[in-house]
Structures are given as C-alpha cells and as structure tokens.
Amino acid sequence: MDLQRIARTVLPDRALTSLRRAKWARECRRIASLPPLTEEDFRGILADDLNLKRGDLVYVHSGMDGLSLEFPFYRILFLIREVIGSSGTILFPTYPNHRISSYEYLRQGHVFDVRRTPSYTGILTEFARRQRSAVRSLHPTKSVCAIGPAAADITATHHLSPYPYDTSSPYYKLIEGRGKIVGLGATTNYISFGYCVDDAWKGRFPVRVYHDEIFDAPCINYEGERVMVRTYAHDMSRVIHPDMPAFFQKYVSAGACRDLMVRGMRFFRADAPKLFAEMMSLAERDIIAYPRSVYRK
C-alpha cells in the first residue's frame with residue numbers, strides 16, 4: 001500500500017483536503033517561479049514534444065495553473081489550431097458538474113443544455129465551448145466539444161449509449177480517427193480516455209466502475225428540444241487510479257503514452273489507437289489501472 005492510500009485510510013476528509021491544498025499551493029508557487037513560455041515556445045512544444053501536426057484529431061486536457069505563460073491562456077486554442085491546420089479537429093472535455101460527482105449531479109436532477117450549460121473542466125474548455133464553430137456532444141455529464149471539420153461527426157452519437165465511453169462516444173472515435181491526446185499543464189492522472197477500456201469490457205471488467213442505477217437525464221439539444229438521455233454514473237469509491245504516470249511508464253510503450261516535463265512544466269502525449277490496443281491487451285492479462293481492493297467480490 002502506497003503512502004497516498006494509507007493517508008486516505010487513516011486521515012479524516014478535512015485533513016486530506018488540507019494536505020491536497022497545501023501540495024497544490026506549493027506546486028503553483030513552483031510554476032510561478034519558472035521562466036514564462038512565449039507563444040513561439042509553446043508552438044514548439046506542441047509540434048516537437050507533443051508531436052502534433054497538420055490534419056490531426058487531438059483531444060486536449062489542460063490545467064492553466066500548471067503553466068507559466070507570457071501570453072493570455074486563450075491563445076492556446078489558436079496556437080493548437082495553427083499547428084493542426086484547418087483540416088485538423090480539436091476536442092475538449094466540457095463536463096458540467098462542479099465540485100460534485102457525476103452521480104450526485106444526476107441525482108440532483110440538473111437539466112443539461114448543450115448550448116448554455118457551462119463547462120467546469122477548466123477555463124480553456126469553457127473558452128473553447130463558447131466558440132461559434134464549436135459543436136458539443138449531447139451528454140449530461142461527460143460532454144465533449146469539438147472544433148474542426150470532424151466536429152459534428154465525432155460528437156453526433158454520444159447520447160445513444162448509457163455507457164459514456166463506449167463506441168458511441170467521442171472518446172472511442174479518437175481510436176477510429178487515429179487521434180492523439182495531449183495534456184497541457186497536466187499529467188496522465190487526468191486522462192479520461194482509459195475509461196474506453198472499461199466500457200469495452202462492460203460487465204466483464206474486473207471492477208464495477210458504475211453505480212447500478214441508470215439515469216434518464218433531462219437535456220436540451222441544439223434545436224431547443226427537451227430529450228432524455230440514459231446514462232450510468234461512475235462510482236467514485238471504486239474508480240481509483242493511484243498513479244497513472246507510473247502505470248503507463250511500467251506497462252505501456254513510449255509511443256502509446258508518456259508523461260513529459262518540459263521547461264519544468266508537466267505535459268503528456270498519447271496515441272489513442274496504440275494506447276487502447278495496449279491497454280486492452282493488458283486487461284486480458286488482468287493488468288489494469290485499479291488496485292485489487294476495488295475488484296469485484
């Protein structure tokens with residue numbers, strides 16, 4: 001058992017929250033002390049370190065507090081679009097639940113409006129959602145917005161399956177579209193793509209990742225119509241990933257996924273089809289990114 005899991009076991013929630021805040025405050029001070037990146041620096045990181053190129057389909061995780069920038073944060077969207085060009089498509093998570101789990105969000109009966117409900121997955125994702133050309137998937141908790149020529153196709157069917165990361169989802173379509181996943185000021189502890197493996201196995205997966213309850217969640221589509229979207233919600237008492245960077249370092253190839261430290265800041269890059277194939281192969285050997293303590297009894 002690692003120190004983090006021991007702490008979760010023996011310390012009260014208030015103490016754990018205090019420790020996390022103190023750790024994050026130290027990290028923010030460290031980032032603030034670094035030389036800020038210029039737009040040219042950032043463009044180079046996108047192309048040279050994260051391997052983005054013209055025509056790419058790319059899903060972006062972002063943490064602005066993890067970056068020291070000489071330019072306004074919103075310029076990141078345009079820098080990525082410069083690198084991938086007009087033929088490329090960029091995706092962002094635009095989850096609507098703020099400081100509560102998806103399960104609690106659904107239980108509270110919120111109405112998700114694909115046009116107006118804000119994203120609480122970071123300030124860059126909300127900026128992207130507000131772009132006139134952005135298209136957002138109709139999902140009450142795991143919505144994705146996309147900008148580019150593949151945007152409509154990749155978001156079109158998200159609401160058709162109760163499993164938010166299966167073949168109907170934009171996440172799975174990253175595999176079909178030979179997409180890439182990058183983290184900007186973030187580590188692979190925040191990568192959501194791994195849930196595609198869980199949903200590919202469904203009931204055969206060793207961990208029961210969802211609550212048993214299935215929700216009929218009220219949503220408003222782009223036509224202003226109220227529709228009900230069926231979905232499961234993750235059980236956060238079981239969805240525990242202690243150290244994803246270490247898991248990927250140990251079990252998957254550098255070509256599939258790797259965390260990076262560039263100029264003192266955290267980034268990651270992943271190749272969606274390669275990562276999915278390798279994680280599926282690992283799962284067949286009962287190697288997954290969950291501790292044994294949360295396996296099905």
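## A tour from the hairpin to the cores

Start at the hairpin of E7 and E8: 5 residues lie between the strands, and glycine 224 there takes a positive phi near 80°. Keep in mind that this is a predicted model.

**Stop 1: the hairpin strands**

Select residues 215-220 for strand E7 and residues 226-231 for strand E8. The two strands run antiparallel and are joined by 6 bridges. Strands of a sheet pair through backbone hydrogen bonds, either parallel or antiparallel. Pick out two of the partnerships. Isoleucine 220 has arginine 226 in E8 as its bridge partner. Aspartate 216 is matched with arginine 230 in E8.

Now widen the selection to the whole sheet. It is open, has 3 strands in the order E3-E7-E8, and its pairing is mixed. Which strands stand at the edges? Strand E3 (112-113) and E8 do; each has a single partner strand, so one side of each lacks a neighbour in the sheet.

**Stop 2: tyrosine 163**

Stay on arginine 230 and look for tyrosine 163. Their C-alpha atoms are 8.7 Å apart, although 67 residues separate the two along the chain. Tyrosine 163 sits in the loop between H7 and H8. Show its contacts, leaving aside neighbours within four places in sequence. You should find Asp199, Lys202, Tyr210 and Tyr232.

**Stop 3: the largest nonpolar core**

Next, select Ile181, Phe193, Phe248, Leu275 and Tyr290. Of the 46 residues in the largest nonpolar core, these touch the most other members. Several elements each supply at least two residues of this core, among them strand E5 (144-147), helix H8 (170-176), helix H9 (195-201), helix H10 (244-251) and helix H11 (272-284). Which element gives the most? H11 does, with 7 residues.

Zoom in on phenylalanine 193. Not counting residues up to four places away in sequence, it touches Tyr171, Leu174, Ile175, Ile181, Ala272, Leu275 and Phe276. Apart from this core lies another one, of 32 residues. Leu37, Leu52, Val60 and Val262 are among its members.

**Stop 4: serine 253**

Move to the loop between H10 and strand E9 (257-262), where serine 253 is found. Is serine 253 buried, partly exposed or exposed? Its relative accessible area is 31%, so serine 253 is partly exposed; the band for that label runs between 20% and 50%. Beyond its neighbours within four places in sequence, serine 253 is in contact with Arg258 and Glu278. Then measure from serine 253 to lysine 274: the C-alpha atoms are 8.8 Å apart, for a separation of 21 residues in sequence.

Follow the chain to the segment after H11 and select aspartate 286. Its phi is positive, about 65°, although aspartate 286 is not a glycine. Aspartate 286 counts as partly exposed, because its relative accessibility is 29%.

**Stop 5: helices H3 and H4**

Select residues 39-49 for helix H3 and residues 75-84 for helix H4. Two packed helices are described by the angle between their axes and the distance between the axes. Here the axes come within 10 Å and cross at roughly 50°. That angle makes H3 oblique to H4. The crossing of H3 and H4 is right-handed.

Show side chains where the helices meet. From H3 come Glu39, Phe42, Arg43 and Leu46. From H4 come Arg75, Ile76, Leu79, Ile80, Glu82 and Val83.

Now go to the loop between H3 and E1 and pick asparagine 51. Asparagine 51 has a phi near 60°, a positive value in a residue other than glycine. At 36% relative accessibility, asparagine 51 counts as partly exposed.

**Stop 6: strand E2**

Finish on strand E2, residues 89-93. How many of its 5 residues are buried? The count is 5 of the 5, so E2 is largely enclosed by the rest of the structure. In a regular strand the side chains alternate between the two faces of the sheet. In E2, Thr89, Leu91 and Pro93 point one way, while Ile90 and Phe92 point the other way.

Add E1 to the selection. E1 and E2 run parallel, with 3 bridges joining them. One pair to select is tyrosine 59 with its bridge partner in E2, leucine 91.

Terms used: Residues numbered from 1 in each chain as written. Predicted model: local features only at pLDDT ≥ 70, side-chain atom pairs only at ≥ 80, totals over all residues. Heavy atoms only, no water. Core = buried A, V, L, I, M, F, W, Y, C linked by side-chain atoms within 4.5 Å. Buried < 20%, exposed > 50% of the residue type's maximum accessible area, 1.4 Å probe, protein only. Helix = DSSP H or I, 4+ residues; strand = E, 2+ residues; numbered from the N terminus. Contact = heavy atoms within 4.5 Å. Pairing = 2+ DSSP bridges. Axes fitted to C-alpha atoms, helices over the stretch in contact; angles between N-to-C directions. Parallel < 35°, antiparallel > 145°, perpendicular 65-115°, else oblique. Left-handed = near helix turned anticlockwise from the far one by under 90°.
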